[in-house]
Amino acid sequence: MISPIEGFSKLTKNEKIDWIAEHYTDNSKATKSILKRYWNSENKLQKLHDEFIENTITNFYLPLGIAPNFLINNKLYAIPMAIEESSVVAAASKSAKFWLDRGGFKTTVLGTQKIGQVHFMYSGNIDKLNAFFISVKSKLISDAAPITKNMEKRGGGVTEITLRNKSNQLKNYFQLHCTFETLDAMGANFINSCLEQFAKTFKKEAQKFAQFTETEKDIEIVMSILSNYVPHCLVRAEVSCPIDKLTANAMIPPKEFADKMVRAVRIAQIEPFRAVTHNKGIMNGIDAVVLATGNDFRAIEAGIHAYASKDGSYTSLSHAGIENNIFKFSIEVPLALGTVGGLTSLHPLVKLALEILRRPSAKELMQIVAVAGLAQNFAALSSLVTTGIQEGHMKMHLMNILNQLGATNEEKQELKQYFKKNTVTHSAVVEAFEKLRKNQ
């Protein structure tokens, strides 16, 4: 029986590895070998990675690929994508190439407002609370000046603080709803530091407010934290072309293809079960670029899926239509991204990815990421409404299956040729592989 361990964080990395290998794996020697094989041979670089998180034992690799030929607002990009899923980079690249000579992608940043909240409980007269908020609002901002001064010099800072009454949903619950401009920083630490200062000032000044009773002065701060829901930090990406140029698939005429694409998007707009998978495909493109550029893909996921539900039901993030014989395909997504701070100045591959993107501002990165999502969606829907998703996906997945089977390079090449003309399924690959081995 395994016993709990005390002081695990105080162990050296090798001691952590010894403990986890001996207590939780079947072959401790093999475990140690695997973990150490993924260490970087340069000690300084490995130490940098070790210090990104706590209790590090090794590095976890993801492939970093490039999707070239993205024309965005008449500027050509090669987009770095970090992802483990087969066919994502290929699909994005295919979309980029298709739209390259059809005007490319057009993007617009619709807003960059970020949000944080001080959640608190107040038991008393609401008119008095409103009067207190009006009296203290300027002091909230002035007390936070040491935190905000550098951001303000660059043109950012606190843009608004409002009092919100949520007591009809939870007894005595109120919040300070605060908006921020953080420029090229994602701004989480900046926002949270401001909010915690607001909370301190708010609680301290309540003790001095003459109109409050002793009970009313006792404001309870529940928590002060940014929100990853940023419906006003929004970007739009779109493509369009005359229907007769919509030749993405030779199997069907352009008009029929356009109609099928519009109908597919409409289904995702009205059917949540389809919308979730539809949007997951969009996130394949978005997350891959977010991860490659050192941003928080969990925050992006949460905010985008909340945005997809903003009107009361979960729906498609993308839109498609035909106007005056022009096919239009677009997406609007909230993206709170940063190109300074955090991993962007620490992780060597993140720095390189941003360099490949020509060191974009946060606004520019918003546009690039949105385009990656739109391109991915276009590629996925193009397959779904014509050949089906599995044909292309399984051909990309072929190498994973062959690697699982331990195929040699020669066997891989022969089987790749074979499956150019045959349907790829897991069982078909296994059967063909075994037949090849038997005949050798």
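Reader: What makes strand 8 and strand 10 a pair, and in which sense do they run?

Author: Strand 8 and strand 10 are joined by nine bridges in the antiparallel sense. Two strands pair if there are at least two bridges between them, so nine is enough for the label. One spot to look at is Val 239, which stands opposite Phe 329 in strand 10. Bear in mind that this is a predicted model.

Reader: Which sheet do those two strands belong to?

Author: An open sheet of four strands, in the order 3-8-10-9, with antiparallel pairing.

Reader: Why are strand 3 and strand 9 called edges?

Author: Strand 3 (106-109) and strand 9 (318-323) each have a single partner strand, so one side of each has no neighbour in the sheet. Neighbouring strands here are turned by 20° against each other on average, direction ignored.

Reader: How do you know that strand 3 pairs with strand 8?

Author: Count the bridges: strand 3 and strand 8 (residues 234-242) share four, in the antiparallel sense. The bar is at least two, so they pair. Lys 106 stands opposite Glu 238 in strand 8, if you want a place to zoom in.

Reader: And what links strand 9 to strand 10?

Author: Six bridges, again antiparallel, with strand 10 covering residues 326-334. Gly 321 has Lys 328 in strand 10 as its bridge partner.

Reader: Where does the other open sheet come in, and what is its strand order?

Author: That one has four strands in the order 5-6-4-7, with antiparallel pairing. Strand 5 (157-165) and strand 7 (220-227) are the edge strands, since each pairs on one side only. From one strand to the next, the twist averages 15°.

Reader: How many bridges join strand 5 to strand 6?

Author: Eight, and the two strands run antiparallel, with strand 6 at residues 173-181. Within that pairing, Leu 163 has Leu 176 in strand 6 as its bridge partner.

Reader: Which helices lie across this sheet's strands?

Author: Helix 5 (residues 126-143) lies across strand 4 (114-121), strand 5 and strand 6, at about 170° to strand 5. Helix 7 (residues 188-206) lies across strand 4, strand 5, strand 6 and strand 7, and runs at about 160° to strand 7.

Reader: Why is Leu 71 called buried?

Author: Its relative accessibility is 17%. Buried means under 20%, so Leu 71 makes the cut. Leu 71 lies in strand 1 (residues 64-72).

Reader: What does Leu 71 touch, leaving out residues up to four places away in sequence?

Author: Leu 76, Leu 100, Gly 103, Gly 104 and Phe 105. Take Leu 100: Leu 71 is 29 residues from it in sequence, but their C-alpha atoms are 5.9 Å apart in space.

Reader: Zooming out, how many helices and strands does the chain have, and what share of its residues is buried?

Author: The chain has 16 helices and 10 strands. Of its 440 residues, 43% count as buried. The C-alpha trace spans about 90 × 70 × 40 Å along its principal axes.

Reader: What share of the contacts comes from residues 24 or more positions apart?

Author: 71%, among contacts with a separation of 6 or more.

Reader: And what does the chain expose, and how many charged side chains does it have?

Author: About 23200 Å² is exposed, and carbon and sulfur atoms supply 53% of that. There are 52 positive and 43 negative side chains, and the centres of the two sets lie 4 Å apart.

Methods:
Residues are numbered from 1 along each chain as its sequence is written. This is a predicted model: local features need pLDDT of at least 70, side-chain atom pairs count only at pLDDT 80 or more; totals for chains, interfaces and linings use all residues. Side-chain values use heavy atoms; hydrogens and water are left out. Buried means under 20% relative accessible area, exposed over 50%, partly exposed in between (1.4 Å probe, protein chains only). Contact means heavy atoms within 4.5 Å. Accessible areas come from the Shrake-Rupley method with a 1.4 Å probe; for residues, only the protein chains shown count as cover. Lys and Arg count as positive and Asp and Glu as negative; His and the chain ends are not counted. The place of a charge is taken as NZ of Lys, CZ of Arg, CG of Asp or CD of Glu. Axes are lines fitted to C-alpha atoms, for helices over the stretch in contact, and angles run from 0 to 180 degrees between N-to-C directions.
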